[in-house]
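Open your viewer and keep the selection tool handy. We will go from stop to stop, and at each one you will hear what to pick and what is there.

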Amino acid sequence: VEAAIARLARADAEGRDLSARLARLVPAPDTAALAAAVDAAIGALTAGETALTTAEAARPAAEAARAEAAASHAAFRATLASLSAEADALGRRLAADQSKGPRIADLIETHAGYEVALAAALGDDLDAGPADSDGVRRWGRVGAGDDPALPPGAEPLIVRVSAPPELARRLAQIGVVVAEAAPALAAQLLPGQRLVTLAGALWRWDGFIDAGGRTDAAAARMRARRRAAEVARERERAETDATAAAAALAAAVAEAGRTHDEERAARGARDAAARGLAEARARFAAAETAASRRAGEEASLQSATARAAAEQERLGTDLAAARAAVPAGDALAALAGELATARTAPETARAAVATARAADDARAREVDTASRRLAAIAQERTGWQARRSASAGQQAELSRRADSARAEQAEIAGRSIVIAENIASIASRSVAAEAARVVAADMLALAEAGLQRLSGQARAADEAVAAAREARATARAEAEHQDGARLEVERLSGERFQCPPPVLPGRFGFSHDAGDPDSLAQAHDALLAERERLGPVNLRADIELAELETQGATIIAEKAELDTAIARLRGSIGSLNREGRARLAAAFTAVDGHFRTLFTDLFGGGEAQLALIESDDPLEAGLEIMAQPPGKKLQSLTLLSGGEQALTATALIFALFLANPAPICVLDEVDAPLDDANVERFCDLLDRMATDTATRFLIVTHNAVTMSRMHRLYGVTMGEPGVSQLVSVDLQAAERLLATA
């Protein structure tokens, strides 16, 4: 009866608990609102992808414009550098010419092509100084005169030349003609007039003709000065163009940066929309799961409530039957007494067993403690015995050292007496030596003072003797020089004038007071230098001139060819650089796009990019890999962990393969630093690459996950010692066989 009552009570409690749980069930979430949120997230993702596609399409054009602006800027800078180098060279040449003193040629400017004609017309007169100089050879200012006109057909050179007024009359009497008309016009020349050609041929009024067309340094200097002015103007234009190109490059760089920022913003918005879509889908799936779980729980609770009601009804029936079968009260009391006795006996036995077991455990602990104590005493006894043996040996050593110390003490006591006697003897000798040292020091001081005095006298005497010897040698040399000069003058006078020098004033009518000897000597030296500069008569001058002209023409032709070749080479280099920059920019853009996508796929999010650094020119720039795994900030590749670096490098390799696929790719232990989750992502990427491209991937690995994802496995096994065997397994065929089985 009691058992039936207890079961009935439990059934009632279970029924009440089921009713309470059914009442506490959370209402089902609103899946319609979550489905609308998912649709909105899909729309936002579509808009983000459209914006990203637009930004990605705009960025290559901006990059191409930036590359073109960089190439143009580099070309202008190269031109400016070339002009600067040419200007520096011309400046050095003109500065070297100006160091020789002022010349009238430096003040003349000619029209292009008239330099040779001017040099042939004036000749060495161009080296003379202007009117305001103080040189020996200079031009003077003269007034306008009634000069004759040039023959008809001769153009006055003065109209093609901008020169100082000192040269006006001279240039007005020089005509420029063509070589064919020169002989006929030369017959009409009046005194002082000349005809020249642009090639440098000369016809003079007195019949002198120089048809060689020679060129000289004066023409080269004038051409250099004119070229320097042209280079200065070209340099200004080049600087203006370079500044404009720099501004255009800055604008192109800014535009490329703007498009890059827009693309990055669009990619961030797309990724945010993708994350929002994933979150909305996750909430929708969670809501559906919660709704289905609530429905299941509600059905389960209702079914359990029904079963509990049926059980309560059955237990009520069982309780009534049990109460009907209860025996009389006396029999029940006897059975209760026997039951109490039977329950008390096992408890008493268990208490006795527990007491005996506790006593036995206490005795075992006491025995263990005593054993450990005996072992410690034995170990301590052994240690004391070892210390006793060591102390005996140490005592013997101390006794021996004490005997040695006593013997050494006795020896030192005997030596101290001898040392004291030696100290007394040394002290007496030291006093005597000190007295002798004082006397010797006084004598040495007197001797040194006398030595210094005598040394000063000796130096003064030596200096006087040296001065006297030098004066005597100078006088002798001067006398010998004067004698030699006198003899040379007598010899020259005898050779040139057949009379001694004293007779020269009477024969040639001059006095000894003709002028300052120094100025006469300087004039004489100048005349001698002029004669030496002219040199001896060269009988082969015409032949050498013809050879030099031929060689000059050849050199000019070769120079023209070299200039043309240099211009073509520079143009080819420029075009190659432009094409290289364009191709590199296109390849960089393609690889960067693939790298960004593959990085996001491998890491399940994040962002990465490739950047050109250290130079605006793609051909000279370096490459920097910037990566931002999920949950981290954007940083350089070297700051990532080993696994992250491996995944990033894998993304870059596959980006290169997508940009320029190859038939075979070998990857050696790429998955070694990766964990299982990243290995799965790596294998998923391999599957996609194998599907999208025609590349066959050969993977060297020891990772079981990677091997399980391969199409075919190759390995080496050693079936018996010393014999290796190649083993291959076709996993695809095995999967097909398993599917058919």
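Before the first selection, one definition will help: a residue counts as buried under 20% relative accessible area, as exposed over 50%, and as partly exposed in between. Please also keep in mind that this is a predicted model.

**The whole chain**

Start with everything shown. The protein chain has 14 helices and 14 strands. Of its 741 residues, buried ones make up 23%. The chain exposes about 48,600 Å², and carbon and sulfur atoms supply 59% of that area. If you look at contacts with a separation of 6 or more, residues 24 or more positions apart account for 62% of them.

**Stop 1: helix H3**

Select residues 115–122, which form helix H3. How many of the eight residues of this helix are buried? Eight of the eight are, so helix H3 is largely enclosed by the rest of the structure. Click through them: Glu115, Val116, Ala117, Leu118, Ala119, Ala120, Ala121 and Leu122. Then step just past H3 to glycine 123, where phi is positive, at about 65°.

**Stop 2: aspartate 592 in helix H10**

Now select helix H10, residues 541–603, and pick out aspartate 592 within it. Is aspartate 592 buried or exposed? Its relative accessibility is 1%, so it counts as buried. Display Arg59, Gln609 and Leu610 as well: these are the contacts of aspartate 592 once neighbours within four places in sequence are left aside.

**Stop 3: threonine 648 in helix H11**

Go on to helix H11, residues 642–659, and select threonine 648. This threonine is buried, because its relative accessibility is 1%. Which residues does threonine 648 touch, not counting those up to four places away in sequence? Show Phe595, Phe599, Phe603, Ile625, Ala627, Leu637 and Leu640 to see them. For Phe599, try a distance between C-alpha atoms: threonine 648 and phenylalanine 599 are 49 residues apart along the chain, yet these atoms are separated by 6.5 Å. Next, follow the side chain of threonine 648 to the backbone oxygen of glutamate 644, which it reaches at 2.7 Å.

**Stop 4: the nonpolar patch**

Turn on the surface and select Ile664, Val666, Leu698 and Val700, which make a nonpolar patch of about 360 Å². Strand S11 (664–668) and strand S12 (696–700) are the elements that give two or more residues to this patch. Take a closer look at leucine 698, which sits in strand S12. Its relative accessible area is 46%, so leucine 698 is partly exposed.

**Stop 5: glutamate 669**

From S11, move into the loop that leads to helix H12 (676–692), and select glutamate 669 there. Most residues other than glycine have a negative phi. Glutamate 669 has a positive one, near 55°. With 28% relative accessibility, this glutamate falls between the 20% and 50% limits, so it counts as partly exposed.

**Last stop: two cysteines**

Finish by selecting cysteine 665 and cysteine 683. Cysteine 665 has a relative accessible area of 4%, so it is buried. Cysteine 683 counts as buried too, at 1% relative accessibility. How many disulfides does the structure hold? The number is zero. For reference, a disulfide is a covalent bond between the sulfur atoms of two cysteines.

How values were computed: Residues numbered from 1 in each chain as written. Predicted model: local features only at pLDDT ≥ 70, side-chain atom pairs only at ≥ 80, totals over all residues. Heavy atoms only, no water. Patch = residues over 30% accessible without salt bridge, like charges linked within 9 Å, V, L, I, M, F, W, Y side chains within 5 Å. Areas by Shrake-Rupley, 256 points an atom, 1.4 Å probe, with all protein chains shown as cover. Salt bridge = Lys/Arg side-chain N within 4 Å of Asp/Glu carboxyl O. Helix = DSSP H or I, 4+ residues; strand = E, 2+ residues; numbered from the N terminus. Buried < 20%, exposed > 50% of the residue type's maximum accessible area, 1.4 Å probe, protein only. Disulfide = S-S within 2.5 Å. Contact = heavy atoms within 4.5 Å. Polar contact = N/O pair within 3.5 Å; in protein donor to acceptor, adjacent residues only side chain to side chain.
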